[in-house]
Amino acid sequence: MAKVLVTGGTGYIGSHTVVELQKKGHEVVIVDNLSNSNIDVLNGIEKITGVYPLFENIDCVDYVGMDRMFEKHRDIDAIIHFAASKAVGESVEKPLMYYRNNLVSLINLLQLMPVHGVKSFVFSSSCTVYGQPDVLPVTEKTPIKPAMSPYGNTKQISEEIIYDTIHANPSYNGIILRYFNPIGAHPSAHIGELPIGTPNNLLPYITQTAMGLRSELKVFGDDYDTPDGSCIRDYINVVDLAKAHVVALKRLLNIKSKQQVEVYNIGTGKGLSVFEIIHTFEKVNNVKVPHTIVGRREGDIEQIWADASRANEILKWKAAESVEDTLKSAWKWEKALKKQRQQKEKEENEASSN
Ligand code: NAD
Ligand code: WQD
């Protein structure tokens, strides 16, 4: 069993990964500055696993704060680094914020690893590094295209920083996971995605529209060169994705040769269109998603899905959940959020009437 630092561990993918790590008996320390998540997530994790994780509210950009954190939580074996800003549109408006947050955080962690004897590093990268590929599905050897946004560029630069750093430090090992489109929530509905403000991603927009929180979903384009005209993505269940981190960690801890970086695509290997997602969501949840077709969204790629056979073969990891069950979990989570809101309102009303 290992002691694992999970940065961004109260976030969407991080929280699901903490659950899977704890289930395997690993000890987890979460560092998160709560810039895009909520402290209540820790209660959700405890409800599932029975273990309230160790938590430090620290900004990974703060080198001294992170150094102190490593002094306090000694003998950390590995880092899984999720903490980053991730909104593509915002990154176009605030590029320096993205470069600073995503790159300085990474550099701090890589600098602190030898200081504190940490040898293993797992990094959250993205299929965004492939842009619109010429050949589908994409393997890890598919050429990287020029980034379409500062956010995407931070992932490309981060990968290069990791390669260079590990190349120069014989005792390091790293795994870069390129996620496709994570969706869904934990089947317990104790944790899930918590978009702040208007969601940018498809699934939270669908669930909020089905709930009546948004009047309609805008489908960005039905004139693409795809069977039904809408864009195609590889939607990966978030618990499956979380499990990929656990097997990546296992591989890093057991690896004999040092100074190595491996890259894996983490997807289902199957592409689904926006319309297929909407219609499947409606069918399995027996709920309507009002939607209209509007123009294409700037920067959207037409279609992409993963060849995940490398992860299947080497990590022995495979996406297991069906899209139907995944879309059910997303809806169950949206309904759980509604209950939470109602409960909060009730408590506020009671407090104001006392
Ligand atoms: P998220 O926003 O839910 O989680 C990120 C967490 O990191 C948040 O809890 C946030 O508060 C925290 N954080 C951000 N900057 C920080 C800092 N400087 N110091 C400490 N904490 C900080 O996002 P997510 O969807 O869980 O994504 C996790 C990682 O996966 C990110 O690196 C993201 O770029 C990457 N990724 C996400 C997707 C996706 O579609 N969700 C796809 C590919 C890659
Ligand atoms: C999916 C599909 C939209 C919203 C983004 C980032 C990428 C990665 C994953 C982090 C597209 C369509 C969406 C809506 C719609 N993140 N859509 N109406 O664009 O594949 O990838 O998240 O690394 O970097 O760019 O995901 O969920 O935004 O969109 O029609 O209101 O749904 O056009 O085809 P995307 P998404």
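# Rings and helices, questioned

Me: Why does Trp331 count as buried?
Reply: Trp331 has 9% relative accessibility, and buried means under 20% (exposed is over 50%, partly exposed in between; 1.4 Å probe, protein chains only). So Trp331 makes the cut. Phe281, at 0%, is buried too.

Me: What's behind these values?
Reply: It's a predicted model, so local features need pLDDT of at least 70 and side-chain atom pairs pLDDT 80 or more, while totals for chains, interfaces and linings use all residues. Residues count from 1 along each chain as written, chains are lettered from A and ligands numbered from 1 in written order, and side-chain values use heavy atoms, without hydrogens or water.

Me: How many aromatic pairs are there, and what makes Phe281 and Trp331 edge-to-face?
Reply: Two pairs. Phe281 and Trp331 have ring centres 5.9 Å apart and planes at 80°. Rings of Phe, Tyr and Trp (its six-membered ring) pair with centres within 6.5 Å; under 30 degrees is stacked, over 60 edge-to-face, the rest tilted. So this pair is edge-to-face.

Me: Which parts does that pair tie together?
Reply: Phe281 is in helix α9 (residues 274-285) and Trp331 in helix α11 (residues 323-353), so the pair links parts 50 residues apart in sequence. Helices here are DSSP runs (H or I, at least four residues; strands are E, at least two), numbered from the N terminus.

Me: How do you know that Arg296 lies over the face of Tyr224?
Reply: Arg296 sits 3.9 Å from the ring centre. The rule wants NZ of Lys or CZ of Arg within 6 Å of the centre and within 35 degrees of the ring normal. Arg310 lies over Tyr264 as well, at 4.8 Å.
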